[in-house]
Amino acid sequence: METGINLIPELTEKEIKSGVYRRKANLAAIGALASVGLIILLLIAYRGYLFIQARGIENRTSEVEKIVVSFREVEISTLTLKEKLTQIDKLLKESLPASEAVGEVIGAAGTSTPIAIKNLNISDTGEILVEGAAVTSEVFAEWVDKLTSGRGAQVFSKINLVSLVKNESGFGFSIRADFTKRGVLPSL
Amino acid sequence: MSKGLNFGVVKTYTVPFLSLVSVLALVPLVIMPQLSQIAADSRVINQNRTRLDSLEKKATDLESQSRNQDDLNSKLATAEKILPISKAIAPLVLGVQQIAINNSLGVNKIKLQPGKVATNSALPKKEALPTESTNNDNLDFKSSDSLVVFEMSLSGSFNSLQSFLKVLETGRRLLIFKNFQSQILAENTYNVQIFLAAPYSPLPLIAEDQIATPLPEISEKDEELLTRLGSDFFKDVTTTNINPGPTGTANPFTGP
(Lines give C-alpha, C1' and ligand atoms only; values in the text may rest on other atoms or scores of the structure.)
Protein backbone atom coordinates (compact mmCIF):
# COMPACT_ATOMS: atom_id res chain seq x y z
CA MET A 1 0.00 0.00 0.00
CA GLU A 2 1.24 3.34 -1.02
CA THR A 3 1.76 5.86 1.60
CA GLY A 4 2.14 9.58 0.86
CA ILE A 5 4.51 11.85 2.62
CA ASN A 6 3.25 15.39 3.15
CA LEU A 7 6.27 17.61 2.67
CA ILE A 8 4.32 20.84 2.99
CA PRO A 9 4.46 22.06 6.49
CA GLU A 10 1.20 22.14 8.11
CA LEU A 11 0.04 25.74 8.45
CA THR A 12 -2.65 26.72 10.69
CA GLU A 13 -5.44 28.91 9.39
CA LYS A 14 -4.24 31.66 11.66
CA GLU A 15 -0.77 31.58 10.12
CA ILE A 16 -2.21 31.77 6.60
CA LYS A 17 -4.36 34.77 7.49
CA SER A 18 -1.45 36.49 9.13
CA GLY A 19 0.63 36.16 5.95
CA VAL A 20 -2.11 37.64 3.83
CA TYR A 21 -2.55 40.58 6.20
CA ARG A 22 1.16 41.22 6.30
CA ARG A 23 1.37 41.35 2.51
CA LYS A 24 -1.61 43.67 2.29
CA ALA A 25 -0.33 45.89 5.06
CA ASN A 26 3.09 46.09 3.42
CA LEU A 27 1.50 47.02 0.09
CA ALA A 28 -0.71 49.64 1.68
CA ALA A 29 2.21 51.11 3.60
CA ILE A 30 4.43 51.28 0.54
CA GLY A 31 1.53 52.75 -1.44
CA ALA A 32 0.97 55.45 1.17
CA LEU A 33 4.66 56.25 1.29
CA ALA A 34 4.82 56.41 -2.49
CA SER A 35 1.78 58.71 -2.56
CA VAL A 36 3.39 61.06 -0.09
CA GLY A 37 6.55 60.99 -2.13
CA LEU A 38 4.57 61.75 -5.27
CA ILE A 39 2.82 64.65 -3.57
CA ILE A 40 6.17 66.04 -2.46
CA LEU A 41 7.49 65.75 -6.02
CA LEU A 42 4.40 67.49 -7.39
CA LEU A 43 4.76 70.27 -4.86
CA ILE A 44 8.41 70.75 -5.74
CA ALA A 45 7.50 70.78 -9.42
CA TYR A 46 4.77 73.36 -8.80
CA ARG A 47 7.21 75.53 -6.90
CA GLY A 48 9.52 75.29 -9.88
CA TYR A 49 6.66 76.40 -12.13
CA LEU A 50 5.92 79.32 -9.79
CA PHE A 51 9.58 80.27 -9.79
CA ILE A 52 9.65 80.36 -13.59
CA GLN A 53 6.44 82.38 -13.63
CA ALA A 54 7.82 84.85 -11.07
CA ARG A 55 10.99 85.23 -13.09
CA GLY A 56 8.95 85.93 -16.22
CA ILE A 57 6.88 88.60 -14.43
CA GLU A 58 10.06 90.10 -13.00
CA ASN A 59 11.67 90.36 -16.43
CA ARG A 60 8.58 91.86 -18.02
CA THR A 61 8.21 94.30 -15.10
CA SER A 62 11.78 95.42 -15.52
CA GLU A 63 11.16 96.05 -19.25
CA VAL A 64 7.96 98.02 -18.64
CA GLU A 65 9.60 100.02 -15.84
CA LYS A 66 12.24 101.14 -18.31
CA ILE A 67 9.49 102.29 -20.69
CA VAL A 68 7.70 104.17 -17.89
CA VAL A 69 10.93 105.84 -16.77
CA SER A 70 11.66 106.93 -20.33
CA PHE A 71 8.43 108.98 -20.20
CA ARG A 72 9.23 110.59 -16.84
CA GLU A 73 8.88 114.13 -18.18
CA VAL A 74 5.39 113.40 -19.44
CA GLU A 75 4.53 111.84 -16.10
CA ILE A 76 5.82 114.80 -14.07
CA SER A 77 3.96 117.23 -16.34
CA THR A 78 0.72 115.27 -16.04
CA LEU A 79 1.06 114.90 -12.28
CA THR A 80 1.79 118.60 -11.85
CA LEU A 81 -1.09 119.61 -14.11
CA LYS A 82 -3.55 117.38 -12.30
CA GLU A 83 -2.48 118.61 -8.88
CA LYS A 84 -2.62 122.25 -9.96
CA LEU A 85 -6.08 121.84 -11.47
CA THR A 86 -7.37 120.11 -8.35
CA GLN A 87 -6.05 122.91 -6.14
CA ILE A 88 -7.28 125.68 -8.45
CA ASP A 89 -10.74 124.14 -8.62
CA LYS A 90 -10.92 123.82 -4.85
CA LEU A 91 -9.69 127.36 -4.22
CA LEU A 92 -12.00 128.92 -6.81
CA LYS A 93 -14.99 127.04 -5.42
CA GLU A 94 -14.31 127.65 -1.74
CA SER A 95 -12.99 131.19 -1.61
CA LEU A 96 -15.18 134.04 -0.57
CA PRO A 97 -16.25 136.37 -3.39
CA ALA A 98 -15.23 139.48 -1.46
CA SER A 99 -16.16 141.88 -4.27
CA GLU A 100 -19.71 140.55 -4.18
CA ALA A 101 -19.81 140.80 -0.39
CA VAL A 102 -18.73 144.44 -0.54
CA GLY A 103 -21.18 145.07 -3.39
CA GLU A 104 -24.08 143.56 -1.44
CA VAL A 105 -23.33 145.66 1.64
CA ILE A 106 -23.03 148.84 -0.42
CA GLY A 107 -26.17 147.91 -2.34
CA ALA A 108 -28.16 147.38 0.85
CA ALA A 109 -26.90 150.70 2.19
CA GLY A 110 -28.57 152.47 -0.73
CA THR A 111 -31.67 153.26 1.29
CA SER A 112 -33.96 156.28 0.73
CA THR A 113 -31.51 158.37 2.73
CA PRO A 114 -28.29 156.40 2.29
CA ILE A 115 -26.80 154.67 5.28
CA ALA A 116 -23.34 155.99 6.16
CA ILE A 117 -20.99 153.05 6.53
CA LYS A 118 -18.18 153.91 8.90
CA ASN A 119 -16.41 150.60 9.31
CA LEU A 120 -16.68 147.43 7.32
CA ASN A 121 -14.82 144.25 8.19
CA ILE A 122 -15.06 141.04 6.19
CA SER A 123 -13.21 137.81 7.00
CA ASP A 124 -12.58 134.79 4.80
CA THR A 125 -15.11 132.84 6.85
CA GLY A 126 -17.73 135.22 5.51
CA GLU A 127 -18.30 137.06 8.77
CA ILE A 128 -19.21 140.69 8.14
CA LEU A 129 -19.22 143.46 10.69
CA VAL A 130 -20.75 146.76 9.59
CA GLU A 131 -20.70 149.88 11.67
CA GLY A 132 -22.71 152.76 10.34
CA ALA A 133 -25.18 155.47 10.94
CA ALA A 134 -28.77 155.96 9.86
CA VAL A 135 -30.48 159.33 9.91
CA THR A 136 -33.81 158.02 11.20
CA SER A 137 -35.17 154.81 12.63
CA GLU A 138 -37.19 154.33 9.39
CA VAL A 139 -34.00 154.40 7.35
CA PHE A 140 -32.41 151.92 9.73
CA ALA A 141 -35.50 149.66 9.42
CA GLU A 142 -35.25 149.95 5.62
CA TRP A 143 -31.57 148.88 5.78
CA VAL A 144 -32.37 145.89 7.99
CA ASP A 145 -35.22 144.97 5.66
CA LYS A 146 -32.86 145.04 2.67
CA LEU A 147 -30.43 142.75 4.47
CA THR A 148 -33.06 140.25 5.56
CA SER A 149 -35.39 140.01 2.59
CA GLY A 150 -35.17 139.52 -1.17
CA ARG A 151 -31.61 139.45 -2.47
CA GLY A 152 -30.23 140.07 1.03
CA ALA A 153 -31.87 136.93 2.38
CA GLN A 154 -30.14 134.88 -0.31
CA VAL A 155 -26.62 136.00 0.57
CA PHE A 156 -26.76 136.98 4.24
CA SER A 157 -27.54 134.83 7.24
CA LYS A 158 -27.25 135.03 11.03
CA ILE A 159 -27.84 138.79 11.05
CA ASN A 160 -27.32 140.12 14.55
CA LEU A 161 -27.68 143.63 15.81
CA VAL A 162 -24.64 144.13 18.01
CA SER A 163 -25.44 147.67 19.10
CA LEU A 164 -27.84 150.49 18.35
CA VAL A 165 -27.24 153.91 19.87
CA LYS A 166 -29.27 157.05 19.39
CA ASN A 167 -27.19 160.19 18.99
CA GLU A 168 -27.62 163.77 17.71
CA SER A 169 -27.25 162.84 14.04
CA GLY A 170 -29.53 159.80 14.16
CA PHE A 171 -28.76 156.19 15.01
CA GLY A 172 -25.34 154.60 15.22
CA PHE A 173 -25.42 150.85 14.76
CA SER A 174 -23.25 147.80 14.50
CA ILE A 175 -24.46 144.69 12.70
CA ARG A 176 -22.84 141.29 12.35
CA ALA A 177 -23.86 138.92 9.56
CA ASP A 178 -22.58 135.94 7.60
CA PHE A 179 -22.07 136.16 3.86
CA THR A 180 -23.04 132.70 2.65
CA LYS A 181 -22.00 132.71 -0.99
CA ARG A 182 -18.81 130.87 -1.93
CA GLY A 183 -16.85 130.53 -5.12
CA VAL A 184 -15.63 133.22 -7.46
CA LEU A 185 -16.33 131.46 -10.77
CA PRO A 186 -19.71 132.21 -12.33
CA SER A 187 -21.64 129.04 -13.03
CA LEU A 188 -21.87 127.98 -16.67
CA MET B 1 4.18 33.05 27.55
CA SER B 2 4.64 36.79 28.13
CA LYS B 3 1.62 38.89 27.35
CA GLY B 4 3.84 42.06 26.93
CA LEU B 5 5.61 43.17 23.78
CA ASN B 6 5.36 40.58 21.12
CA PHE B 7 8.48 41.01 18.99
CA GLY B 8 7.08 38.65 16.47
CA VAL B 9 4.24 40.99 15.70
CA VAL B 10 6.57 44.00 15.58
CA LYS B 11 8.86 42.17 13.19
CA THR B 12 5.90 41.24 11.02
CA TYR B 13 4.70 44.83 10.71
CA THR B 14 8.06 46.58 10.40
CA VAL B 15 7.42 47.91 6.91
CA PRO B 16 3.95 49.33 7.62
CA PHE B 17 5.21 50.75 10.88
CA LEU B 18 8.18 52.52 9.29
CA SER B 19 5.98 53.76 6.47
CA LEU B 20 3.49 55.19 8.91
CA VAL B 21 6.26 56.92 10.84
CA SER B 22 7.69 58.29 7.57
CA VAL B 23 4.32 59.58 6.40
CA LEU B 24 3.62 61.12 9.77
CA ALA B 25 7.00 62.83 9.69
CA LEU B 26 6.88 63.91 6.06
CA VAL B 27 3.50 65.62 6.25
CA PRO B 28 4.40 68.24 8.88
CA LEU B 29 8.07 68.46 8.06
CA VAL B 30 8.00 68.59 4.27
CA ILE B 31 4.50 68.89 2.82
CA MET B 32 3.12 71.60 5.12
CA PRO B 33 6.13 73.92 4.73
CA GLN B 34 6.00 73.39 0.97
CA LEU B 35 2.31 74.30 0.91
CA SER B 36 2.79 77.44 2.97
CA GLN B 37 5.75 78.40 0.78
CA ILE B 38 3.61 77.88 -2.31
CA ALA B 39 0.87 80.06 -0.78
CA ALA B 40 3.41 82.81 -0.04
CA ASP B 41 4.94 82.56 -3.53
CA SER B 42 1.49 82.72 -5.11
CA ARG B 43 0.68 85.84 -3.11
CA VAL B 44 3.88 87.53 -4.22
CA ILE B 45 3.28 86.50 -7.82
CA ASN B 46 -0.26 87.89 -7.71
CA GLN B 47 1.00 91.17 -6.28
CA ASN B 48 3.72 91.38 -8.90
CA ARG B 49 1.23 90.54 -11.65
CA THR B 50 -1.13 93.28 -10.44
CA ARG B 51 1.78 95.72 -10.38
CA LEU B 52 2.82 94.62 -13.86
CA ASP B 53 -0.73 95.15 -15.17
CA SER B 54 -0.75 98.61 -13.61
CA LEU B 55 2.68 99.36 -15.12
CA GLU B 56 1.59 98.17 -18.57
CA LYS B 57 -1.50 100.39 -18.41
CA LYS B 58 0.61 103.31 -17.27
CA ALA B 59 3.13 102.73 -20.07
CA THR B 60 0.28 102.72 -22.61
CA ASP B 61 -1.22 105.89 -21.10
CA LEU B 62 2.15 107.63 -21.06
CA GLU B 63 2.81 106.63 -24.63
CA SER B 64 -0.49 108.10 -25.79
CA GLN B 65 0.03 111.19 -23.60
CA SER B 66 3.49 111.74 -25.07
CA ARG B 67 1.96 112.01 -28.54
CA ASN B 68 0.12 115.13 -27.24
CA GLN B 69 3.09 116.57 -25.37
CA ASP B 70 2.66 120.05 -26.90
CA ASP B 71 -0.96 120.16 -25.81
CA LEU B 72 0.03 118.99 -22.33
CA ASN B 73 2.74 121.66 -22.09
CA SER B 74 0.33 124.38 -23.15
CA LYS B 75 -2.23 123.26 -20.54
CA LEU B 76 0.49 123.20 -17.92
CA ALA B 77 1.54 126.73 -18.91
CA THR B 78 -2.06 127.92 -18.46
CA ALA B 79 -2.32 126.30 -15.03
CA GLU B 80 1.13 127.61 -14.10
CA LYS B 81 0.02 131.19 -14.69
CA ILE B 82 -2.86 130.73 -12.25
CA LEU B 83 -0.98 128.70 -9.68
CA PRO B 84 2.77 129.09 -10.17
CA ILE B 85 5.38 126.70 -8.96
CA SER B 86 7.28 129.37 -7.02
CA LYS B 87 6.35 132.36 -4.89
CA ALA B 88 7.39 134.90 -7.58
CA ILE B 89 6.72 137.71 -5.14
CA ALA B 90 8.09 140.72 -7.02
CA PRO B 91 5.84 140.52 -10.10
CA LEU B 92 2.91 139.67 -7.87
CA VAL B 93 3.32 142.65 -5.56
CA LEU B 94 3.98 145.06 -8.42
CA GLY B 95 1.02 143.65 -10.35
CA VAL B 96 -1.40 143.96 -7.43
CA GLN B 97 -0.15 147.46 -6.68
CA GLN B 98 -0.77 148.43 -10.30
CA ILE B 99 -4.31 147.05 -10.16
CA ALA B 100 -5.03 149.06 -7.01
CA ILE B 101 -3.77 152.23 -8.71
CA ASN B 102 -5.77 151.46 -11.85
CA ASN B 103 -8.88 151.21 -9.68
CA SER B 104 -8.32 154.65 -8.11
CA LEU B 105 -7.05 153.31 -4.82
CA GLY B 106 -4.12 154.83 -3.01
CA VAL B 107 -1.54 152.27 -1.93
CA ASN B 108 -0.11 153.24 1.43
CA LYS B 109 1.73 150.07 2.31
CA ILE B 110 2.32 146.52 1.16
CA LYS B 111 3.73 144.19 3.74
CA LEU B 112 4.68 140.58 3.27
CA GLN B 113 3.98 138.34 6.20
CA PRO B 114 6.98 136.37 7.45
CA GLY B 115 7.48 132.97 5.92
CA LYS B 116 8.13 129.70 7.69
CA VAL B 117 10.61 129.97 10.54
CA ALA B 118 13.31 127.39 10.11
CA THR B 119 14.01 126.67 13.75
CA ASN B 120 12.49 127.57 17.04
CA SER B 121 15.64 129.42 17.97
CA ALA B 122 15.02 131.74 15.04
CA LEU B 123 11.67 132.78 16.46
CA PRO B 124 11.65 136.27 17.90
CA LYS B 125 11.29 136.43 21.65
CA LYS B 126 7.92 137.60 22.80
CA GLU B 127 9.29 140.59 24.66
CA ALA B 128 11.22 141.61 21.55
CA LEU B 129 8.03 141.90 19.52
CA PRO B 130 7.03 145.43 18.56
CA THR B 131 4.64 146.91 21.05
CA GLU B 132 2.66 148.66 18.33
CA SER B 133 -0.81 147.23 18.49
CA THR B 134 -3.13 147.13 15.52
CA ASN B 135 -6.62 145.85 14.99
CA ASN B 136 -5.16 142.83 13.21
CA ASP B 137 -3.33 141.41 16.19
CA ASN B 138 -6.00 138.80 16.61
CA LEU B 139 -5.74 137.67 13.00
CA ASP B 140 -4.07 134.35 12.64
CA PHE B 141 -2.49 134.76 9.25
CA LYS B 142 0.80 133.08 8.59
CA SER B 143 2.52 132.39 5.31
CA SER B 144 2.43 128.65 5.03
CA ASP B 145 4.62 126.50 2.82
CA SER B 146 2.46 127.08 -0.21
CA LEU B 147 0.84 130.43 0.53
CA VAL B 148 2.27 133.94 0.31
CA VAL B 149 0.15 136.11 2.60
CA PHE B 150 0.52 139.83 2.29
CA GLU B 151 -1.16 142.86 3.74
CA MET B 152 -2.07 145.96 1.76
CA SER B 153 -3.06 149.27 3.20
CA LEU B 154 -5.19 151.15 0.71
CA SER B 155 -7.33 154.25 0.65
CA GLY B 156 -10.30 155.00 -1.54
CA SER B 157 -14.00 154.44 -1.95
CA PHE B 158 -15.89 151.19 -1.53
CA ASN B 159 -16.73 151.19 -5.23
CA SER B 160 -13.03 151.33 -6.08
CA LEU B 161 -12.36 148.60 -3.55
CA GLN B 162 -15.09 146.45 -5.03
CA SER B 163 -13.73 146.74 -8.56
CA PHE B 164 -10.19 146.09 -7.26
CA LEU B 165 -11.38 142.91 -5.54
CA LYS B 166 -13.26 141.86 -8.67
CA VAL B 167 -10.07 142.08 -10.76
CA LEU B 168 -8.15 140.10 -8.15
CA GLU B 169 -10.78 137.35 -8.09
CA THR B 170 -10.48 136.85 -11.81
CA GLY B 171 -6.73 137.34 -11.88
CA ARG B 172 -4.43 135.09 -13.79
CA ARG B 173 -2.57 134.42 -10.66
CA LEU B 174 -4.86 133.07 -8.06
CA LEU B 175 -5.30 135.46 -5.14
CA ILE B 176 -7.40 134.44 -2.20
CA PHE B 177 -9.10 137.06 -0.15
CA LYS B 178 -8.42 136.53 3.53
CA ASN B 179 -9.72 139.54 5.37
CA PHE B 180 -10.24 143.23 5.22
CA GLN B 181 -10.96 145.96 7.68
CA SER B 182 -11.94 149.45 6.73
CA GLN B 183 -12.33 152.68 8.58
CA ILE B 184 -13.83 155.87 7.31
CA LEU B 185 -11.36 158.70 6.66
CA ALA B 186 -13.63 161.24 5.03
CA GLU B 187 -16.94 161.09 3.22
CA ASN B 188 -16.80 158.12 0.86
CA THR B 189 -13.11 157.63 1.51
CA TYR B 190 -11.92 154.74 3.59
CA ASN B 191 -8.69 153.41 4.88
CA VAL B 192 -8.70 149.72 4.02
CA GLN B 193 -6.39 147.09 5.41
CA ILE B 194 -6.66 144.00 3.28
CA PHE B 195 -5.02 140.61 3.62
CA LEU B 196 -4.54 138.54 0.50
CA ALA B 197 -3.03 135.11 0.02
CA ALA B 198 -1.27 134.07 -3.15
CA PRO B 199 -1.02 130.30 -3.27
CA TYR B 200 1.74 128.58 -5.14
CA SER B 201 2.15 124.93 -5.84
CA PRO B 202 5.54 123.25 -5.56
CA LEU B 203 6.22 120.10 -7.56
CA PRO B 204 4.00 117.24 -6.46
CA LEU B 205 5.44 114.76 -4.00
CA ILE B 206 6.03 111.34 -5.43
CA ALA B 207 4.36 108.28 -4.01
CA GLU B 208 6.24 105.41 -2.40
CA ASP B 209 6.01 103.32 -5.56
CA GLN B 210 5.58 106.19 -7.99
CA ILE B 211 6.67 104.15 -10.98
CA ALA B 212 3.63 101.86 -10.63
CA THR B 213 1.22 104.56 -9.45
CA PRO B 214 -1.39 105.05 -12.15
CA LEU B 215 -1.12 108.17 -14.25
CA PRO B 216 -3.76 110.69 -13.10
CA GLU B 217 -6.49 111.22 -15.62
CA ILE B 218 -7.25 114.71 -16.87
CA SER B 219 -11.02 114.50 -16.70
CA GLU B 220 -13.61 116.39 -18.72
CA LYS B 221 -14.20 118.58 -15.70
CA ASP B 222 -10.49 119.44 -15.65
CA GLU B 223 -10.57 120.22 -19.37
CA GLU B 224 -13.54 122.49 -18.82
CA LEU B 225 -11.73 124.31 -16.02
CA LEU B 226 -8.65 124.68 -18.21
CA THR B 227 -10.75 126.22 -20.97
CA ARG B 228 -12.14 128.72 -18.50
CA LEU B 229 -8.71 129.50 -17.08
CA GLY B 230 -7.44 130.21 -20.57
CA SER B 231 -10.44 132.37 -21.49
CA ASP B 232 -10.75 136.16 -21.35
CA PHE B 233 -12.61 135.84 -18.05
CA PHE B 234 -9.24 135.65 -16.31
CA LYS B 235 -6.89 138.62 -16.67
CA ASP B 236 -3.17 138.80 -16.04
CA VAL B 237 -2.55 140.47 -12.71
CA THR B 238 1.18 140.04 -12.39
CA THR B 239 3.70 142.04 -14.26
CA THR B 240 6.92 140.89 -15.81
CA ASN B 241 8.27 144.39 -16.35
CA ILE B 242 10.49 144.67 -13.33
CA ASN B 243 13.24 147.21 -13.37
CA PRO B 244 16.39 145.24 -12.63
CA GLY B 245 18.07 148.33 -11.13
CA PRO B 246 21.70 149.40 -11.60
CA THR B 247 23.87 146.45 -12.47
CA GLY B 248 27.26 147.97 -11.50
CA THR B 249 30.43 147.86 -13.53
CA ALA B 250 32.89 145.16 -14.38
CA ASN B 251 35.77 147.18 -12.90
CA PRO B 252 34.85 149.69 -10.21
CA PHE B 253 38.25 151.48 -10.57
CA THR B 254 37.90 152.33 -14.23
CA GLY B 255 34.27 153.41 -14.08
CA PRO B 256 31.51 152.45 -16.51
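**Helices H3, H6 and H4 of chain B**

Helix H3 (residues 69-82) of chain B and helix H6 (residues 220-230) of chain B have axes that come within 10 Å and cross at roughly 65°. The crossing of H3(B) past H6(B) is left-handed. This is a predicted model. The points below treat this helix pair, then helix H4 of chain B.

**Contact of H3(B) with H6(B)**

- On the H3(B) side, the contact is formed by B:Lys75, B:Thr78, B:Ala79 and B:Ile82, which meet B:Leu226, B:Leu229 and B:Gly230 in H6(B).
- By character, the residues of this contact comprise four nonpolar, two polar and one charged.

**Length of H4(B)**

- Helix H4 (residues 89-102) of chain B has 14 residues, which at 1.5 Å a residue should span 20 Å; the C-alpha atoms at its ends are 20 Å apart, so the expected span and the model agree.

**Buried and exposed residues of H4(B)**

- B:Leu92, B:Val93, B:Gly95, B:Val96, B:Ile99 and B:Ala100 are the buried residues of H4(B).
- Viewed down the axis of H4(B), these buried residues fall within an arc of 165° and therefore line one face of the helix.
- B:Ala90 and B:Asn102, on the other side of H4(B), are exposed.

**Surroundings of H4(B)**

- Among the elements of chain B that cover the buried residues of H4(B) are strand S1 (106-112) and strand S2 (147-156), together with helix H5 (158-169) and strand S4 (189-199).
- B:Ser104, just after H4(B), takes a positive phi of about 60°.

Conventions
Residues are numbered from 1 along each chain as its sequence is written. Chains are lettered from A and ligands numbered from 1 in the order in which they are written. This is a predicted model: local features need pLDDT of at least 70, side-chain atom pairs count only at pLDDT 80 or more; totals for chains, interfaces and linings use all residues. Axes are lines fitted to C-alpha atoms, for helices over the stretch in contact, and angles run from 0 to 180 degrees between N-to-C directions. Helices (H or I, at least four residues) and strands (E, at least two) are DSSP runs, numbered from the N terminus. A crossing is left-handed if the near helix is turned anticlockwise from the far one by less than a right angle, and right-handed if clockwise. Two residues are in contact if their C-beta atoms, placed from the backbone, lie within 7 Å. Ala, Val, Leu, Ile, Met, Phe, Trp, Tyr, Cys and Pro count as nonpolar, Asp, Glu, Lys and Arg as charged, and the others, Gly among them, as polar. The expected span of a helix is 1.5 Å times one less than its number of residues. A residue is buried if 20 or more other C-beta atoms lie within 10 Å of its own, exposed if 12 or fewer, and partly exposed in between; C-beta atoms are placed from the backbone. The arc is that of the directions from the helix axis to the C-beta atoms.
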